[in-house]
Amino acid sequence: MSSGRSTYQRIRRRETRSPRSVAAITLAVVVMATLAWLAVEIVLAMLDLPPLLVAPAEMAAALVAVTSVPGAMLMGAGLLIALIGAVLIALAVAPGRRGRHLMESPRRVVVVDDDVIASAIARHAASVAGVGPDQARVTVSRRRVDVHLTPTSGFPIDRAAVLNVVGDALDSYRLEPALEPPRLSVAEQGRVGA
């Protein structure tokens, strides 16, 4: 039973989290290209050939001359480098997320795409509101459901009924992670003749 549970955990993680391969590969390529460029510049300087971009001696002189740059510029550059470093650390540590939720099931893993959930909720909301399917738009994120309805001119929408039906539908799906109560917004101007 324990191996089955660990298999389910791996499947759940794989299907709901996005790998950070693209970010890691991009960073590795940038670092390798920079190191290769520096190596080429050093070799060209040793052979007394013109540099590709900047000679190593000029780079060293620029580093020494950094002390003559105004403090505000140095602080701004330092903050920019710190921000880039914080973003890279966040990318490395935080798990990526795919637009999917899990449905509660004791003996299997059921993965549902957020677009599928949104489509089902839109169908329920449009039906209760008495509008066409093209007048209901739903977005589902990790924790939120936003329902946007455009009423038919002259026919008000019963907000409480829509929220009740959408909330009941979400409860029946037993999604993980659980979603907050839905948010409903109704367009001020209705659609004529819809």
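Two salt bridges are present in the structure, a salt bridge being a side-chain nitrogen of Lys or Arg within 4 Å of a carboxyl oxygen of Asp or Glu. The model is a predicted one, in which local features need pLDDT of at least 70 and side-chain atom pairs count only at pLDDT 80 or more, while totals for chains, interfaces and linings use all residues. Residues are numbered from 1 along each chain as its sequence is written, and side-chain values use heavy atoms, with hydrogens and water left out.

One salt bridge links the side chains of Arg 144 and Asp 146, with N and O 2.8 Å apart. Its two members differ in exposure, for which relative accessible area is the guide: buried means under 20%, exposed over 50%, and partly exposed in between, using a 1.4 Å probe and protein chains only. Arg 144 is partly exposed at 31%, whereas Asp 146 is buried at 14%. In the other salt bridge, Arg 183 is joined to Glu 180, and their closest N and O atoms lie 4.0 Å apart. Here Arg 183 is partly exposed, with a relative accessibility of 44%, and Glu 180 is partly exposed too, at 37%.

Turning to the overall fold, the chain contains six helices and six strands. These are DSSP runs numbered from the N terminus, helices being H or I with at least four residues and strands being E with at least two. Along the sequence, their order reads α-α-α-α-β-β-α-β-β-α-β-β. Helix H2 covers residues 21-46, and its 26 residues should span 38 Å at 1.5 Å a residue; the expected span is 1.5 Å times one less than the number of residues. The end C-alpha atoms of H2 are 37 Å apart, in agreement with that expectation. After H2 comes Asp 48, which has a positive phi near 55°.

The chain as a whole has a radius of gyration of 28 Å, where a compact globule of 194 residues would have one near 16 Å. This radius is taken over C-alpha atoms, and the globule rule is 2.2 Å times the number of residues to the power 0.38. Along the principal axes, the C-alpha atoms fill a box of roughly 80 × 55 × 30 Å. Of the 194 residues, 21% are buried. About 13,400 Å² of the chain is exposed, with carbon and sulfur atoms supplying 65% of that area; accessible areas come from the Shrake-Rupley method with a 1.4 Å probe, and for residues only the protein chains shown count as cover. Contacts, meaning heavy atoms within 4.5 Å, also reach along the sequence: among those between residues at least 6 apart, 59% join residues at least 24 apart.

The strands come next, and two of them pair if DSSP finds at least two bridges between them. An open sheet is formed by three strands in the order S2-S1-S5, with antiparallel pairing. Strands S2 (110-113) and S5 (175-176) are at the edges and each has a single partner strand, so one side of each has no neighbour in the sheet. Two bridges hold strand S1 (residues 100-103) and S5 in the antiparallel sense, and Leu 102 has Glu 176 of S5 as its bridge partner.

Strand S3 (residues 136-140) runs antiparallel to S4, with five bridges between them, and a hairpin of four residues connects S3 to S4. Opposite Thr 139 stands Asp 146 in S4, the Asp that shares a salt bridge with Arg 144. S4 also pairs with strand S6 (residues 183-186), this time in the parallel sense and over four bridges; Leu 149 has Val 186 of S6 as its bridge partner. Four of the five residues of S4 (residues 145-149) are buried, so this strand is largely enclosed by the rest of the structure.

Helix H5 (residues 114-129) includes Asp 114, which is buried at 6% relative accessible area. Leaving aside residues up to four places away in sequence, Asp 114 touches Arg 97, Gly 99, Arg 100, His 101, Val 140 and Ser 141. Ala 122 belongs to H5 as well and is buried, with a relative accessible area of 12%. With the same sequence neighbours set aside, Ala 122 touches Ala 136 and Val 138. Ala 122 and Ala 24 are separated by 98 residues in sequence and by 37 Å in space, C-alpha to C-alpha.
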